[in-house]
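Me: I have just started learning to read protein models. Could you go through this one with me, a question at a time?

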Amino acid sequence: MLTDTKLRALKPTGKLYKVPDRDGLYVAVTPAGSVSFRFNYRINGRQETLTLGRYGADGITLGEARDKLNEAKKLIAAGKSPAREKSRDKARINAGETFGAWAEKWLELHQMADSTRDMRRSVYMREVKPKFENVKLTEISHEDVRMMADGIVARGAPATAVHAREIVMLVFKFAIMKGQQVSNPAELVPPTSIARFEPKDRALSPEEIRLFYRYLERVGTSPSIRASARLLLLTMLRKGEMTQGEWSEVNFTEGMWVIPAERMKRRNPHVVYLSRQALEILIALKTMAGGSRFILPSRYDIDSHMSSATLNQVLTLTYNLAC
C-alpha cells in the first residue's frame, strides 16, 4: 500500500512503470518522473483507464485520490463510465462561455420591462462588466461577488451594489436554466449582508443643501420620500413634473430622463441629464417602486403616483427643523 513517503521516493527509470496502492488504485511513473494516480476497470464489456490526477504540490494528495476512486466506483455501479463523465465535464468547462457572453444573452432574452432592462444594462455596463466580462462562470466565487459589492458600497452607492449582485445572480440562474452545471455564487451573498435600501446622503457643495440633507434625516418619513426630495434638488424639476414621472421616460444607459412636452406645458419634451448621484437614487427608487409604472408611486395604490402635497409636507418639516 502506498504512503506519502513511498510516493516522494519514486524515481524515473527511463520507462513507464506502475506501483499499486489498494482497491485497484495505482500510480504510473513516466520516464520524465511525473507521478499520476490511475484506475483500470471494466464497464459494459470494455476495458477503460481513468486518470484521477497528478500527485504533488500542484496536483492531488493520496487521500484525495482515494476519495476520487470511491466516487468512480459509485459511477460504475450506476452503469456510468467515470472516464467518459470526466471527459464530458472537461469539455463542458472548456466550451463554457464567459460571464459576459451569458450576461448579454440574459439581457437580450430574459423577460423584463423595458425600463428594468435599461436599468440593469446600465448597472451591468458600469459595475459588473469590468469585473467579470471575460471570466468563465466556473471561475467566479462568492468572494468575488462580495468584493464587487463591497467596493460599490464603499463609494456610497448601496442600492447599486445590491442591484449589481442581483444581476450576477440572475445571469447565473439563466445559464443554469440553459444547461450550465455551475453553482450560483451570488446565493451566498444575500442582499441584507450588503446594505439596506435607505439611500445615503449626497453632500453637495452649497451650504443650504448640506443643511437640508442633514435635517431631512430627522423627518419621520419613508426612504422613498427622502430619496425623492434629494432627487428634486439634483434635477431641479417642479414637484408635479417629478411625482408624475414614469419609468418609461428614464434611460439609464444614456443617463437621461425625457419628460413629455405635455407635462412640461411646452412645445418640446424636456431632457434632464442625470448625474451619477441622480442615477443611483433612481436605481434605489426602482427597487422601492415594485411593479408600478410610476417612479414615485402612491403609498396605497401603485397604479397612482405620489401626491405633490406629500413632498410639500416633507420639505416644510425639513425647513422648520433647520430653522
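Me: How many residues does the largest nonpolar core have?
Reply: Good place to begin, and keep in mind that this is a predicted model. Residues with the most contacts inside the largest core include Phe 99, Val 128 and Trp 257. Counting its members gives 65 residues.

Me: Which helix gives the most to this core?
Reply: We are looking for the helix that supplies 11 residues to this core. That helix covers residues 158-177, and its name is H7.

Me: Which residues does the second, separate core include?
Reply: This core stands apart from the one we just discussed and has 20 residues. Among them are Leu 25, Val 29, Tyr 55 and Ile 60.

Me: Is Glu 127 buried or exposed?
Reply: Let's use the cut-off: buried means under 20% relative accessible area. Glu 127 has 6% relative accessibility, so this residue counts as buried.

Me: Which residue meets Glu 127 in a salt bridge at 2.5 Å, N to O?
Reply: Here is the general idea: side chains of opposite charge can pair when their charged atoms come close. Glu 127 lies in helix H5, while its partner is in the loop between helix H6 (142-154) and H7, so the pair ties together parts that are 28 residues apart in sequence. The two also belong to one network of salt bridges with Arg 126, Arg 276 and Glu 280. The partner at 2.5 Å is Arg 155.

Me: How many residues apart in sequence are the parts that Glu 104 and Arg 121 tie together?
Reply: The side chains of Glu 104 and Arg 121 meet in a salt bridge of 3.4 Å, N to O. Glu 104 lies in helix H4 (residues 99-109) and Arg 121 in helix H5 (residues 114-132), so the parts they tie together are separated in sequence by 17 residues.

Me: Is Met 236 buried or exposed?
Reply: Met 236 sits in the loop between helix H9 (223-235) and helix H10 (239-243). Its phi is near 60°, a positive value in a residue other than glycine. Exposed means over 50% relative accessible area. Met 236 has 68% relative accessibility, so the word we want is exposed.

Me: Where does pLDDT stay under 50?
Reply: For the protein, the mean pLDDT is 85, and 92% of its residues reach 70 or more. The stretch you ask about has 29 contacts beyond four places in sequence in the model. You can find it at residues 197-205.

Technical notes. Residues are numbered from 1 along each chain as its sequence is written. This is a predicted model: local features need pLDDT of at least 70, side-chain atom pairs count only at pLDDT 80 or more; totals for chains, interfaces and linings use all residues. Side-chain values use heavy atoms; hydrogens and water are left out. A nonpolar core is a set of buried Ala, Val, Leu, Ile, Met, Phe, Trp, Tyr and Cys residues joined through side-chain atoms within 4.5 Å. Buried means under 20% relative accessible area, exposed over 50%, partly exposed in between (1.4 Å probe, protein chains only). Helices (H or I, at least four residues) and strands (E, at least two) are DSSP runs, numbered from the N terminus. pLDDT is the predictor's confidence in each residue, from 0 to 100. Contact means heavy atoms within 4.5 Å. A salt bridge is a side-chain nitrogen of Lys or Arg within 4 Å of a carboxyl oxygen of Asp or Glu.
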